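Visitor: Hello! I have never looked at this structure before. Could you walk me through how to read it?

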4 protein chains.
Amino acid sequence: MLVVMGHDATEADIRRVVKVIEEMGYEARPMPGKQRTAVGLVGNDGKVDSSQLESLPGVLQVIHVTQPYKQVSREWRPEPTVIDLENGTRIGGTDVVLMAGPCSVESEAQILTIAHRLRAAGATILRGGAFKPRTSPYSFQGLGVEGLQLLAKAREETGLAIVTEALEPETVDVVAEYADIIQIGARNMQNYPLLRRAGRTGKPVLLKRGLAATIKELLLSAEYILAEGNGSVILCERGIRGFDDHTRNVLDLTAIPVVHALSHLPIIADPSHGTGIRSKVIPMARAAVAAGADGLIVEVHPDPDHARSDGAQSLWPEQFEELVEQVAGIAAAIGRRLAPPLAGVPA
Amino acid sequence: MLVVMGHDATEADIRRVVKVIEEMGYEARPMPGKQRTAVGLVGNDGKVDSSQLESLPGVLQVIHVTQPYKQVSREWRPEPTVIDLENGTRIGGTDVVLMAGPCSVESEAQILTIAHRLRAAGATILRGGAFKPRTSPYSFQGLGVEGLQLLAKAREETGLAIVTEALEPETVDVVAEYADIIQIGARNMQNYPLLRRAGRTGKPVLLKRGLAATIKELLLSAEYILAEGNGSVILCERGIRGFDDHTRNVLDLTAIPVVHALSHLPIIADPSHGTGIRSKVIPMARAAVAAGADGLIVEVHPDPDHARSDGAQSLWPEQFEELVEQVAGIAAAIGRRLAPPLAGVPA
Amino acid sequence: MLVVMGHDATEADIRRVVKVIEEMGYEARPMPGKQRTAVGLVGNDGKVDSSQLESLPGVLQVIHVTQPYKQVSREWRPEPTVIDLENGTRIGGTDVVLMAGPCSVESEAQILTIAHRLRAAGATILRGGAFKPRTSPYSFQGLGVEGLQLLAKAREETGLAIVTEALEPETVDVVAEYADIIQIGARNMQNYPLLRRAGRTGKPVLLKRGLAATIKELLLSAEYILAEGNGSVILCERGIRGFDDHTRNVLDLTAIPVVHALSHLPIIADPSHGTGIRSKVIPMARAAVAAGADGLIVEVHPDPDHARSDGAQSLWPEQFEELVEQVAGIAAAIGRRLAPPLAGVPA
Amino acid sequence: MLVVMGHDATEADIRRVVKVIEEMGYEARPMPGKQRTAVGLVGNDGKVDSSQLESLPGVLQVIHVTQPYKQVSREWRPEPTVIDLENGTRIGGTDVVLMAGPCSVESEAQILTIAHRLRAAGATILRGGAFKPRTSPYSFQGLGVEGLQLLAKAREETGLAIVTEALEPETVDVVAEYADIIQIGARNMQNYPLLRRAGRTGKPVLLKRGLAATIKELLLSAEYILAEGNGSVILCERGIRGFDDHTRNVLDLTAIPVVHALSHLPIIADPSHGTGIRSKVIPMARAAVAAGADGLIVEVHPDPDHARSDGAQSLWPEQFEELVEQVAGIAAAIGRRLAPPLAGVPA
């Protein structure tokens with residue numbers, strides 16, 4: 001439930017609304033906006049009698065949020081959420097953002113080489129796994145904190161922002177220390193302690209849709225992060241489980257306009273995991289942008305044939321350059337643009 | 001298996017290859033091409049000893065087709081199939097083709113009204129069901145032959161080509177009499193007697209992917225049509241069964257580049273059935289073209305709220321005009337163009 | 001909608017109800033029962049005003065059927081449908097029926113050999129494909145009418161009833177001439193002209209669930225047969241499409257109690273197609289009977305390694321004997337029994 | 001890779017094998033068995049040259065494990081794993097084990113009442129959630145440690161063993177302190193830090209299959225636990241995501257014989273989550289046992305209509321009694337028996 005205050009509502013009016021909500025046994029969340037302030041009533045509001053709130057001074061209207069997710073819904077917040085990164089990248093506005101990099105951080109040479117290439121090609125965010133969730137316990141599990149340090153070094157040299165995955169609540173804080181965006185992977189979409197801890201860091205969170213997750217479940221997982229007071233969530237469609245072995249997953253691009261209708265949060269697409277095949281990444285990157293994606297996250301490796309993970313779906317750097325050119329054209333065709341490349345000379 | 005003849009192979013050389021193949025107990029299918037002639041050996045060729053064929057005069061090489069589908073494969077025919085309709089529309093080349101119209105033909109006024117609107121908007125092919133496959137026996141089943149006659153009248157008035165569905169082998173011929181393209185619906189993708197009969201008409205066939213069909217199964221169903229000597233097949237991705245009720249189906253756009261890699265046949269997309277929601281048709285139409293679709297088939301109705309079937313996913317005519325404008329931009333961004341509108345003044 | 005007549009309703013009362021329904025523009029279907037007669041109102045009855053019917057003499061009550069399927073629903077007919085075959089087998093009562101045989105009829109020796117083995121093991125119905133729907137046009141397509149004749153010969157020699165598939169409307173009548181039960185395969189579950197034609201033969205119809213069919217869609221397809229006045233429909237769960245390649249399909253056994261709750265029609269299971277692996281057929285046959293299946297249809301071949309189709313999932317005859325023994329124990333444990341073996345000496 | 005020692009191999013022989021494996025850069029895991037000792041070589045063994053090991057004294061043979069999962073495979077350990085609980089229950093042998101209880105522990109009265117009923121009905125293991133993973137952040141999240149204490153009290157009073165879920169690595173140890181079996185829920189099947197931490201406790205782990213997990217992925221997740229030296233893993237089929245809303249999930253019972261063929265680990269079924277509907281729990285419990293399940297985990301609540309979670313799928317206590325009776329009959333029919341009820345008078 002959302003209590004919308006009028007233009008002329010005073011601070012005292014707002015405080016009174018908060019107090020009444022709390023007396024009713026719920027949590028109140030004031031949300032100052034450009035035009036007006038609203039106060040959210042958080043929790044299962046099915047049984048709340050709104051008349052008590054409607055009659056308070058300064059209250060314009062009370063909006064009942066019909067979905068089980070509340071703060072992520074468009075009813076709660078009609079304008080799109082825009083997330084500003086320190087390097088100037090804005091996610092969720094008219095810009096289409098490019099995140100790219102290797103599946104795993106493997107070495108200083110690898111990550112620095114690719115970071116420079118990607119920056120030159122126009123990416124503004126560097127992806128790279130330091131903690132890797134691997135299906136087999138015998139596969140390479142990532143460089144851990146050393147990987148995070150190498151990512152930080154790449155940021156220092158190039159200005160690229162860093163997105164990297166956190167696997168467990170205990171290491172969220174160390175990831176948050178190095179990353180600009182904390183990634184929650186598809187396998188952990190319903191790892192609620194992890195979501196909560198990531199929410200509490202206050203850092204932007206990239207939340208990937210689980211392989212069998214409905215859109216409602218995705219939004220409810222995002223709600224866990226917003227319920228911690230962190231509204232900087234970027235959703236990501238990365239393919240759902242399918243029955244055809246021609247592709248690794250089924251990239252469900254319709255999820256993009258569906259999410260945009262239901263939620264104010266930005267949503268990007270991952271054509272690398274979504275297809276699992278290098279030659280399909282570029283066409284599906286184009287399709288994702290055409291469908292309205294607010295960005296892409298793409299696996300690019302300086303030498304995919306020798307990648308320690310996900311080589312078969314990683315682009316060669318020159319393919320990424322081609323991707324940038326093609327999606328720039330698509331973005332322009334629908335009245336958007338790629339997020340502007342970083343200014344200045346890299347170190 | 002494909003026996004490729006050299007540039008200087010004579011008619012007698014070709015006849016000898018045919019004869020040897022037939023003596024081996026297989027069927028031979030000569031395929032004269034622009035550059036060279038090839039002779040296909042049709043049937044399960046796993047055990048064929050190709051050495052006998054390789055040594056015949058005029059034979060350049062023998063290509064083993066590794067897939068269970070043969071004539072639909074890129075190995076069999078490297079260049080894309082282009083299908084020329086009488087009204088000048090070319091399907092499978094660089095043009096992106098627009099097929100549009102109501103789910104069902106309902107009346108003369110309805111189909112003529114919409115046909116004129118669609119032609120004016122730039123479509124060159126009119127869709128409309130006369131024989132409708134309906135999940136319930138108590139739903140409207142289409143106008144039958146009367147529907148076909150109304151479609152023919154719309155073609156006469158507007159020049160639009162007609163695509164309409166055939167439901168059973170017995171009525172394929174009557175559909176072929178009126179239609180420029182015979183549609184085989186998703187429910188009938190593995191209705192083999194229907195595929196065979198459609199193949200024998202020689203008319204172009206639009207084959208929709210079944211809800212649970214793998215791409216291999218789709219191509220093998222197309223093979224049934226080519227095996228009848230009819231190479232004019234247009235494939236169509238129209239959504240697979242999914243687990244999320246936000247959309248009617250999951251539009252699997254990755255199927256488009258996958259099919260293009262495996263087969264020379266054109267493939268289009270149906271964002272109407274693929275999403276089931278009017279507001280998602282335009283973004284997914286854009287995405288399909290960005291992914292490389294050779295065309296779109298879209299449900300448009302003059303008055304969707306009163307449509308006798310599929311109203312919820314049918315566009316209003318003005319939305320179709322918007323769709324055309326948007327996909328034209330996408331096509332241009334990837335170096336293609338919309339199929340040129342029909343010239344001349346409609347009757 | 002179902003108009004239930006009182007015990008003392010006269011023939012004239014019933015005729016009047018029929019007349020009023022027809023005057024309302026619907027079709028009336030009188031259904032004399034053991035205890036009472038009911039008159040079904042067929043068609044979309046969402047808008048029918050039932051008060052007119054309720055006040056007619058002899059009318060006890062008017063039941064609104066809430067599902068889109070009508071005549072297949074439990075609301076329409078509370079008692080289970082029991083189908084009596086000429087050889088004494090009863091499908092849909094307390095007996096658990098065994099249908100078994102090869103995927104395809106291959107030769108007289110093959111079908112007679114296996115028929116005798118199966119009869120001796122306790123099966124009462126012989127399965128065998130004469131018209132085969134094959135994914136590839138180059139695979140063995142069945143012996144056609146010759147296959148039907150061989151099945152008839154096997155029936156003559158053993159007394160086993162025959163179930164075999166019809167693929168197209170045009171050949172339904174010839175299949176009906178030879179078969180005791182007409183099978184509609186999973187690929188044709190929504191081939192409505194075929195369903196209608198099979199319905200019109202009056203013969204029992206075995207309707208297999210499609211790979212991506214919901215239970216509602218399965219019941220609506222059955223409704224097409226009942227709408228032709230043929231109530232002898234046996235449903236069959238045979239596996240739905242899944243994402244795991246350890247099995248060919250996912251045998252959805254919960255469909256059995258779900259169907260029993262929604263419909264009065266019998267439902268059997270096909271553990272051969274449902275798993276696709278010989279070693280999994282017996283455990284899943286046990287599970288199906290434990291879940292409440294009214295019968296099983298199982299592929300058994302005298303020499304599976306040389307079967308012309310589906311060899312990998314066909315049981316050896318001795319495995320079928322083991323299956324019979326095991327499912328007999330399961331049936332007994334839940335208060336049912338296997339359908340009694342055929343009496344008398346086979347020719 | 002598994003190095004199998006001969007009957008007459010000495011301790012020194014075994015130590016030498018361990019040493020050589022470690023010198024090769026792998027981890028060695030000696031596994032003393034009843035008949036013979038084996039030494040496992042853990043890690044990706046694709047490139048290992050086994051000849052060096054084969055020639056060592058005392059080595060009988062070297063078995064290459066062909067699957068990506070190693071220690072969970074039947075190749076690694078041919079005999080079934082049997083897990084002995086302190087209260088005498090044995091999981092994985094011929095006994096079929098019954099785990100039952102409410103979705104969530106709600107109060108002392110609730111859990112003690114149901115525990116006594118379940119013990120009287122024949123269950124030997126009590127389930128009940130203290131830490132609950134809930135799709136919505138606003139749903140009841142469980143009583144936490146208080147819930148664990150109530151479970152312990154129920155064990156004290158009834159002798160029932162306790163199975164309860166751990167949600168995050170940090171609380172695994174406190175769960176292990178109270179529980180006899182640590183449950184890893186479906187959402188956490190690929191939460192690798194959680195699997196590792198649960199493995200390290202040495203306590204038996206109940207690992208539920210994820211909604212979209214293949215059987216290979218399930219076994220690889222189990223491998224994470226075995227890789228920590230903990231072989232007491234019980235797998236659980238609890239339904240996969242499906243497309244039909246008649247059931248909450250699709251209970252994939254074929255997974256049971258498939259797992260038994262691939263792995264030595266026991267596997268049980270959860271017909272409550274697998275169907276989501278109270279009336280389908282008993283038939284699917286019967287089917288699971290008929291398919292070969294080593295046990296069942298069933299939701300039972302003293303008052304399902306007022307359950308704080310999963311009420312719609314929870315059995316009434318008297319329904320559980322009926323379930324016990326029915327599955328006892330099924331177990332007997334396949335030569336198994338229910339695990340014997342606990343002896344002695346409960347406190």
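Guide: Gladly, and let us begin with domains. Domain bounds come from an automatic or database domain assignment. For chain A, the assignment gives domain 1, residues 2-63, and domain 2, residues 83-338. Taken over C-alpha atoms, the centres of domain 1 of chain A and domain 2 of chain A are separated by 36 Å.

Visitor: What pLDDT does chain A average?

Guide: A general caution comes before the number. Where pLDDT is low, the predicted coordinates should not be read in detail. What you see here is a predicted model. The average pLDDT of chain A is 93, and 97% of the residues score at least 70. For the complex, the predictor gives an ipTM of 0.91 and a pTM of 0.92.

Visitor: Let us turn to how the chains are arranged. By what turn can chain A be laid on chain B?

Guide: The idea is to superpose one copy on another and read off the turn and the shift. Chain A can be laid on chain B by a turn of 180° with a shift of 0.0 Å along the axis, and the RMSD is 0.0 Å. In chain A, Ala287(A) has the C-alpha nearest that axis, at 2.1 Å from it.

Visitor: And how does chain C lie on chain B?

Guide: Chain C can be laid on chain B by a turn of 180° and a shift of 0.1 Å along the axis, with an RMSD of 0.1 Å. These two copies are thus related as by a two-fold rotation axis. The C-alpha of chain C nearest this axis belongs to Ala212(C), 2.7 Å from it. Both copies use the same surface here, as 100% of the contact residues of chain C recur in chain B.

Visitor: How many residues does the contact take from chain A and from chain B?

Guide: An interface can be read by its residues, its helices and its chemistry. This contact takes 31 residues from chain A and 31 residues from chain B. On the side of chain A that touches chain B, α8 (255-262), α10 (278-291) and α11 (317-333) each supply at least two residues. The largest share of that side, eight residues, comes from α10(A). By class, that side of chain A divides into 18 nonpolar, nine polar and four charged residues. Since 100% of the interface residues of chain A are also interface residues in chain B, the copies meet through the same surface.

Visitor: Which helix gives the largest share of the side of chain C that touches chain B?

Guide: Read this contact in the same steps. It takes 26 residues from chain C and 26 residues from chain B. From chain C, α5 (169-178), α6 (192-201) and α7 (215-226) each supply at least two residues of the side that touches chain B. The largest share, four residues, is from α7(C). That side of chain C has 13 nonpolar, seven polar and six charged residues.

Visitor: At what angle do the axes of α3 and α4 of chain C cross?

Guide: For a helix pair, look at the distance, the angle and the handedness. The axes of α3(C), residues 108-121, and α4(C), residues 145-158, come within 9 Å and cross at roughly 35°. The crossing of α3(C) past α4(C) is right-handed. Among the residues that meet are Ile111(C) and Ala115(C) in α3(C), and Leu151(C) and Ala154(C) in α4(C). This contact divides into six nonpolar, two polar and four charged residues.

Technical notes:
Residues are numbered from 1 along each chain as its sequence is written. Chains are lettered from A and ligands numbered from 1 in the order in which they are written. This is a predicted model: local features need pLDDT of at least 70, side-chain atom pairs count only at pLDDT 80 or more; totals for chains, interfaces and linings use all residues. Copies are superposed by least squares on the C-alpha atoms of residues with pLDDT of at least 70 in both. Two residues are in contact if their C-beta atoms, placed from the backbone, lie within 7 Å. Ala, Val, Leu, Ile, Met, Phe, Trp, Tyr, Cys and Pro count as nonpolar, Asp, Glu, Lys and Arg as charged, and the others, Gly among them, as polar. pLDDT is the predictor's confidence in each residue, from 0 to 100. Axes are lines fitted to C-alpha atoms, for helices over the stretch in contact, and angles run from 0 to 180 degrees between N-to-C directions. A crossing is left-handed if the near helix is turned anticlockwise from the far one by less than a right angle, and right-handed if clockwise.
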